[in-house]
Amino acid sequence: MRRNIKSNNLIAREINKKIKESGYECGFSEVGILAIDDLKILNKLPQDYNDYLTANMYGDMTYLEKKLQYFHEPDKILPGVQSAIVVAMNYLGRETKQDWQKVELTKLEKPDYGYVSIYARGRDYHKVLKKKLKSFADKIGAVTGEFGHRACVDSVPIFEIELAVLGGIGWRGKNTLLLNKDHGSIFFLGVLLLDYPLKTDKSRVKDHCGTCMACIEICPTKAFVGPYKLNATRCISYLTIEHKGIIPTKLRPLIGNRIYGCDDCQLICPWNKFARLAKASDFDTRNGLDTARLVDLFSWTESEFRDRHSGSAILRIGYHRWLRNIAVALGNAAARKEKYKYSSEKNKDETNRKAIQLLKKRVSHSSPLVSIHASWALSKYESRI
Ligand code: SF4
Ligand code: SF4
């Protein structure tokens, strides 16, 4: 009997080893494996999330309620589910310079240029990761034989970060993101649920945030209620991506030139000096989105928006939210100009004139979402005349 258990453990370890090798071959930087029964040790989570939901800190993200509902019933996501494989994929574009954190922070000081979160500058990660998970599943099938599976990339109500913590990929940092000692936090997570039994193969990684509070201190909107606790309704990533409506007036000036997402709490994180470049070209910056002028982006027609962002996650927010976000950044630029050094007064006047002209046009836009934010931005220029 003892010999049987021993040989079963050996086989399980050998299978895990082969699965991991296949994962690395597919381009993943980390692969964590866990038996679904081990989820049960995560009994603290639902209370945390209940608190979060009760305090109404999730805004329009009602899918979080669903996540909680499915927490104890993973069978509803994949009938007969027995194991989960969590993968991480690095997304720093291959053109990224060594001092990238400093470079990115400098971009936030240029009022006329839009800041797009690093993860959204390349191809839509949902599509890239789903495709990679599919070929990973095929490779696993060659080791285990046929099995049922479901690939999850933000599309299924599961707690990816908690699964990754259990799978030994990293720890949840005070900025609420997953951190890894070798890769920082600049990676995407994907999960493969399987109806095939696998053994959990890594122990949990301990929290290495220590006494650091840099992410909490840098947050422009003071969105952290405390370490590990985020009020999403104040987070710029939420406001510019998930939030469908009008951005509260008092938060608009704090958004600065961030037109799609925010990276501040990652840019300041000391662990991100270990972030590594993506292996493939998928996440290289497209359309010059790392150096785009607001007035140029704001002048795009809807069909230009679709063409230019074809294959990008940005397309998901739609044209009107895109214009809403740029209008806010243009309004903020009006107030911040004095501090910014222009190559000449002529350039400054020219940019102002173009911004005013475009905003005037958008004030009469048929979408109230666009016209309301354009009016607000225009008022910032008019108050300076
Ligand atoms: S993404 Fe930006 S706004 Fe959101 S919590 Fe981090 S620093 Fe704050
Ligand atoms: S900035 Fe500091 S506290 Fe925040 S996640 Fe990174 S290490 Fe942790």
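The questions below concern how terms are applied to this predicted model.

Q: What makes Ala275 buried rather than exposed?
A: The cut-off for buried is 20 or more other C-beta atoms within 10 Å. Ala275 has 22 C-beta neighbours inside 10 Å, so Ala275 counts as buried. Ala275 lies in the loop between α10 and α11.

Q: Which residues does Ala275 touch, not counting residues up to four places away in sequence?
A: Ala275 touches Leu92, His183, Gly184 and Ile186. Ile186 is 89 residues from Ala275 in sequence, and their C-alpha atoms are 6.0 Å apart in space.

Q: Why is Asp284 called partly exposed?
A: A residue is exposed with 12 or fewer other C-beta atoms within 10 Å, buried with 20 or more, and partly exposed in between. Asp284 has 17, and is therefore partly exposed. The loop between α10 and α11 (294-298) holds Asp284.

Q: How do you know that Asp284 and Gly93 are in contact, and what separates them in sequence?
A: Contact is judged on C-beta atoms placed from the backbone, with a limit of 7 Å. By that test Asp284 is in contact with Gly93, Arg94, Glu95 and Gly122, leaving aside neighbours within four places in sequence. From C-alpha to C-alpha, Asp284 and Gly93 are 4.1 Å apart, although 191 residues apart in sequence.

Q: What makes the phi of Asn287 worth a remark?
A: Most residues other than glycine have a negative phi. Asn287 is not a glycine, yet has a positive phi of about 60°. Asn287 lies in the loop between α10 and α11, and counts as partly exposed because it has 15 C-beta neighbours inside 10 Å.

Q: Why is Lys222 called exposed?
A: Exposed requires 12 or fewer other C-beta atoms within 10 Å. Lys222 has 11 such neighbours, so Lys222 counts as exposed. Lys222 is found in the loop between α7 (214-218) and β8 (224-226). Its phi is near 55°, a positive value in a residue other than glycine.

Q: What puts Ile161 in the partly exposed class?
A: The limit for buried is 20. Ile161 has 19 other C-beta atoms within 10 Å, and is therefore partly exposed. Helix α6 (residues 160-166) contains Ile161. Leaving aside neighbours within four places in sequence, Ile161 is in contact with Arg172 and Leu178.

Q: What makes Val205 partly exposed, and where does Val205 lie?
A: Val205 has 18 C-beta neighbours inside 10 Å, so Val205 counts as partly exposed. The place of Val205 is in the loop between β7 (187-194) and α7. Apart from neighbours within four places in sequence, its contacts are Gly168, Gly170 and Trp171.

Q: Why are α13 and α15 called roughly parallel?
A: Angles under 35 degrees count as roughly parallel. Helix α13 (residues 318-336) and helix α15 (residues 368-382) pack at an angle of about 10°, with their axes 8 Å apart. The two helices are therefore roughly parallel to each other.

Q: Which residues make the contact of α13 with α15, and how do they divide by class?
A: In α13 they include Leu323, Ala327, Val328 and Leu330, and in α15 they include Leu369, Val370, Trp376 and Ala377. The residues of this contact divide into 12 nonpolar, three polar and three charged.

Q: How do you know which residues are around ligand 1?
A: A residue belongs there if its C-beta atom lies within 6 Å. The residues are Cys219, Pro220, Thr221, Ala223, Leu230, Cys235, Ile236, Ser237, Cys262, Asp264 and Cys265. Helices α8 (236-242) and α10 (264-267) each supply at least two residues of this shell.

Q: What makes the shell around ligand 1 eight nonpolar, two polar and one charged by class?
A: Cys, Pro, Ala, Leu and Ile are among the types that count as nonpolar, while Asp counts as charged. Thr221 and Ser237 are in the shell, and their types count as polar because they belong to neither of the other classes.

Q: Which residues come nearest to ligand 2, and which domains supply its shell?
A: Of the 13 residues around ligand 2, Gly173, Cys209, Cys212, Cys215 and Cys269 come nearest. Domain 1 (2-101 + 123-194) and domain 2 (214-382) each give at least three residues to the shell. By class the shell has 10 nonpolar, two polar and one charged residues.

Notes. Residues are numbered from 1 along each chain as its sequence is written. Chains are lettered from A and ligands numbered from 1 in the order in which they are written. This is a predicted model: local features need pLDDT of at least 70, side-chain atom pairs count only at pLDDT 80 or more; totals for chains, interfaces and linings use all residues. Helices (H or I, at least four residues) and strands (E, at least two) are DSSP runs, numbered from the N terminus. Axes are lines fitted to C-alpha atoms, for helices over the stretch in contact, and angles run from 0 to 180 degrees between N-to-C directions. Angles under 35 degrees count as roughly parallel, over 145 as roughly antiparallel, 65 to 115 as roughly perpendicular and the rest as oblique. Two residues are in contact if their C-beta atoms, placed from the backbone, lie within 7 Å. Domain bounds come from an automatic or database domain assignment.
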